[in-house]
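Visitor: I would like a close look at one part of this model, the surroundings of the ligand and the annotated positions there. Please take me through it with the cut-offs stated.

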Amino acid sequence: MVKIAPSILSANFAKLGEEILSVEQAGADLLHIDVMDGHFVPNLTIGPLIVESIKPITKLPLDVHLMIENPDQYIEHFAKSGADIISVHAEATNHLHRTIHLIKKFGVKASVAINPATPLDQLEYVLDDLDMVLIMTVNPGFGGQTFIPATLPKIRKLKDIINERGLSLDIEVDGGINDKTYQSVIGAGANVLVAGSFVFGQNDRIKAITSLKG
Ligand SMILES: O=C(CO)[C@H](O)[C@H](O)COP(=O)(O)O
Ligand SMILES: [Fe+2]
């Protein structure tokens, strides 16, 4: 069963509450929140205050994607603001195992994100501790970028490892997911699809979300 996580990065921020309600009513499974610090990625977006404001207005689990340096410094803030799952970038922390366990300490599901150029090897020794792996299918930093097909073998390889080791963790993909690319990522083994510009770029949110479920 494929889950869709609309990314509010492409929502109309002047009407954020209405935008969130529209995707919840249209069948979204998670709400993806992109946190950028202007250092790890060249863009600045959302902080814990916004997450805290969103929490009471939706029943959707909040899927917080931290594209920030020193993630350990902010995990408690995002956990207390209402994050249900937190993804940290493997490239942004020197002590990945410690960071994952810090997320879990606050009762939040733990996920690690990797950039298109980062190999899966970095995750080998932490896979047992994770609820999800986020494979970036664009270079992080902006919405509306073009899907990078070279990430597909990595999704397939991760799916094989999960099957071989009998693990049960989600594979999320993020970046450039639309009605032209969704089938290839699902075929490779992804089961959580982030979609920002594709979902929020259409007035008919039901059609947009349904068309990605395959
Ligand atoms: O993490 C992200 C960018 O770094 C976003 O989640 C992603 O780009 C979603 O936007 P789109 O679906 O428009 O590509
Ligand atoms: Fe994201």
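Guide: What follows starts with conventions and the overall fold, and then turns to the requested part.

This is a predicted model, in which local features need pLDDT of at least 70 and side-chain atom pairs count only at pLDDT 80 or more, while totals for chains, interfaces and linings use all residues. Residues are numbered from 1 along each chain as its sequence is written, and chains are lettered from A and ligands numbered from 1 in the order in which they are written.

The protein chain has 8 helices and 8 strands, these being DSSP runs numbered from the N terminus, with helices (H or I) of at least four residues and strands (E) of at least two. Its radius of gyration is 16 Å, close to the 17 Å that the globule rule gives for 214 residues, so the chain is as compact as a globular protein of that length; the radius is taken over C-alpha atoms, and the rule is 2.2 Å times the number of residues to the power 0.38. Along the principal axes, the C-alpha atoms fill a box of roughly 45 × 35 × 30 Å. Buried residues make up 43% of the 214, where buried means that 20 or more other C-beta atoms lie within 10 Å of the residue's own, exposed means 12 or fewer, and partly exposed lies in between, with C-beta atoms placed from the backbone. Of the contacts with a separation of 6 or more, 63% join residues 24 or more positions apart, a contact being a pair of residues whose C-beta atoms, placed from the backbone, lie within 7 Å.

Now to the ligand itself. Around ligand 1 there are 23 residues, of which Ser7, Pro140, Gly143, Gly196 and Ser197 come nearest; a residue belongs to these surroundings if its C-beta atom, placed from the backbone, lies within 6 Å of the molecule. At least two residues of this shell come from each of β2 (31-36), β3 (62-67), β8 (192-195) and α7 (197-200). By type, the shell divides into 9 nonpolar, 12 polar and 2 charged residues, with Ala, Val, Leu, Ile, Met, Phe, Trp, Tyr, Cys and Pro counted as nonpolar, Asp, Glu, Lys and Arg as charged, and the others, Gly among them, as polar.

The UniProt record, an unreviewed entry, places the feature "binding site" at several positions, including Ser7, His65, Gly143, Gly144, Asp174, Gly196 and Ser197. The same kind of caution applies to every such label: positions are given in the numbering used here, feature names are shortened, and annotations may be inferred rather than shown by experiment. The unreviewed UniProt entry also places the feature "active site" at Asp34 and Asp174. Although spread over 141 residues of sequence, these two cluster in space, the largest C-alpha distance being 10.5 Å.

Asp34 sits in strand β2 and counts as buried because it has 25 C-beta neighbours inside 10 Å. Leaving aside neighbours within four places in sequence, Asp34 is in contact with Ser7, Leu9, Thr45, Ile46, His65 and Met67. Asp174, in strand β7 (residues 170-174), is likewise buried, with 26 C-beta neighbours inside 10 Å, and, not counting residues up to four places away in sequence, touches His65, Leu134, Met136, Thr137 and Val194.

His65, in strand β3, thus appears in the contact lists of Asp34 and Asp174. His65 is buried, with 28 other C-beta atoms within 10 Å, and beyond four places in sequence its contacts include His32, Ser87, Ala113 and Leu134 as well as Asp34 and Asp174.

Gly144 offers another view, from the loop between β6 (132-136) and α5 (152-165). With 13 C-beta neighbours inside 10 Å, Gly144 counts as partly exposed, and apart from residues up to four places away in sequence it touches Ser10 and Ser197.

One backbone detail lies in the loop between β3 and α3 (72-81), which is the place of Asn70. Asn70 has a positive phi of about 45° although it is not a glycine. Most residues other than glycine have a negative phi. Asn70 is partly exposed, with 15 other C-beta atoms within 10 Å.

Terms used: Two residues are in contact if their C-beta atoms, placed from the backbone, lie within 7 Å.
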